[in-house]
Amino acid sequence: MNNQIKIDPQILIVSRTDKSGNIEYVNGDFCQISGYSADELMYKPHNIIRHPDMPAIIFKLMWERLKKNQDIFAVVKNLAKNGDYYWVTTHFEIRKHPYENRVVGYVAHRRAADAQLVNEISKLYAELLSIEKNKGLAESEAYLTQLLSDKKMTYDEYIDKMVIKDGFLKSMFKKIIGK
Ligand SMILES: Cc1cc2nc3c(=O)[nH]c(=O)nc-3n(C[C@H](O)[C@H](O)[C@H](O)COP(=O)(O)O)c2cc1C
């Protein structure tokens, strides 16, 4: 039986990758939660912690955004080494060279996703995954596009609405302005 790992809301789980998504850095909390040592993760593709319940469309959107040098938030279910799982709200961003104006890789900051958010998003992900299995990725993308169009929202607005409720953006903001 695989269990959900509870994450302290104060914890920030960080990883950095090269431009292909190979892990170059993980913080201590990443190791503690995932159950891997830093050595086990170093230079491995980041899909090492991919959970099979995650729909591919979410990663497609994420990569499309990063390749355009833009950031993106996503709610992600991750797989720990022992088969347990954990839900995180993740902010993916580009990393630039310190003085040359070029992208050298990417960074992700994650916080615990609360139960209400997980409840909502996991229903959507189950639907997207089922569409992907039965009809393919293009159909899953079409379903998501239609859902957002029905809600008259962009993906960012949809995520923002859920995530702000979840407190992630607020706590990031609090961290930045120190209030
Ligand atoms: C900075 C960064 C962090 C990532 N973090 C995760 C993560 O926590 N979990 C995950 O499943 N994929 C993460 N990915 C995406 C993976 O690289 C990969 O695209 C995804 O797991 C889907 O793998 P697949 O296309 O091989 O199925 C991250 C990518 C980047 C660039």
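Select Arg50 together with the ligand: an N or O atom in the side chain of Arg50 is 2.5 Å from an oxygen atom of the ligand. The model on display is a predicted one, and every distance quoted on this tour is computed from it.

Keep the ligand in view and add Asn78. One of the polar side-chain atoms of Asn78 lies 2.7 Å from a nitrogen atom of the ligand. Next, add His46, where a polar side-chain atom lies 3.3 Å from a ligand nitrogen atom. With these contacts displayed, consider how much of the ligand the protein buries: taken alone, the ligand exposes 610 Å², and 84% of that is buried by the protein.

**The shell around the ligand**

Expand the selection to the 15 residues around the ligand; those that come nearest are Asn47, Arg50, Trp63, Asn78 and Arg110. By residue class, this shell divides into nine nonpolar, four polar and two charged residues. If a pocket surface is drawn, the ligand will be found in the largest pocket. Which elements give two or more residues to the shell around the ligand? They are helix H3 (56–67), strand E3 (72–79) and strand E5 (103–112). Colour E5 separately, as this strand gives the most to the shell, with four residues.

**From Arg110 to strand E1**

Now centre on Arg110, one of the residues that come nearest to the ligand. A polar contact of 2.9 Å joins the side chain of Arg110 to that of Ser15. Follow that contact to Ser15, which is placed in strand E1 (residues 13–17). Is Ser15 buried or exposed? Its relative accessibility is 2%, so Ser15 counts as buried.

**Two loops with positive phi**

Proceed to the loop between helix H2 (38–41) and H3, and select Tyr43 there. The phi of Tyr43 is positive, at about 65°, although the residue is not a glycine. Most residues other than glycine have a negative phi. Because its relative accessibility is 62%, Tyr43 counts as exposed; the cut-off for that class is over 50%.

Continue to the loop between H3 and E3, where Asn69 is placed. Asn69 is likewise not a glycine and has a positive phi of about 60°. Its relative accessibility is 42%, and Asn69 therefore counts as partly exposed.

**Pairs distant in sequence**

Select helix H4 (residues 115–135) and pick out Val118 within it. Display the C-alpha atoms of Val118 and Val76: the two residues are 42 apart in sequence, while the C-alpha to C-alpha distance is 9.2 Å. Val118 has a relative accessibility of 11% and so counts as buried, the limit for that class being under 20%.

Move on to helix H5 (residues 137–150), which contains Glu141. Add Ile57 to the selection. How many residues separate Glu141 and Ile57 in sequence? The separation is 84 residues, and in space their C-alpha atoms are 6.2 Å apart. With 24% relative accessibility, Glu141 counts as partly exposed.

To finish, return to the ligand and restore the side chains of Arg50, Asn78 and His46. Then show Arg110 with Ser15, so that the 2.9 Å polar contact between their side chains is displayed beside the ligand's own contacts.

Note on methods
Residues are numbered from 1 along each chain as its sequence is written. This is a predicted model: local features need pLDDT of at least 70, side-chain atom pairs count only at pLDDT 80 or more; totals for chains, interfaces and linings use all residues. Side-chain values use heavy atoms; hydrogens and water are left out. A residue is near a molecule or strand if one of its heavy atoms lies within 4 Å of it. A polar contact is a pair of N or O atoms within 3.5 Å; within protein, one must be able to donate a hydrogen and the other to accept it, and residues adjacent in sequence count only if both atoms are side-chain atoms. Accessible areas come from the Shrake-Rupley method with a 1.4 Å probe; for residues, only the protein chains shown count as cover. On a 1 Å grid over the protein atoms alone, a cavity is a set of points where a 1.4 Å probe fits but cannot get out, and a pocket is an open set with protein on both sides within 12 Å along at least five of seven lines; lining residues have an atom within 4 Å of a point. A molecule sits in a cavity or pocket if more than half of its atoms lie within 2 Å of its grid points. Ala, Val, Leu, Ile, Met, Phe, Trp, Tyr, Cys and Pro count as nonpolar, Asp, Glu, Lys and Arg as charged, and the others, Gly among them, as polar. Buried means under 20% relative accessible area, exposed over 50%, partly exposed in between (1.4 Å probe, protein chains only).
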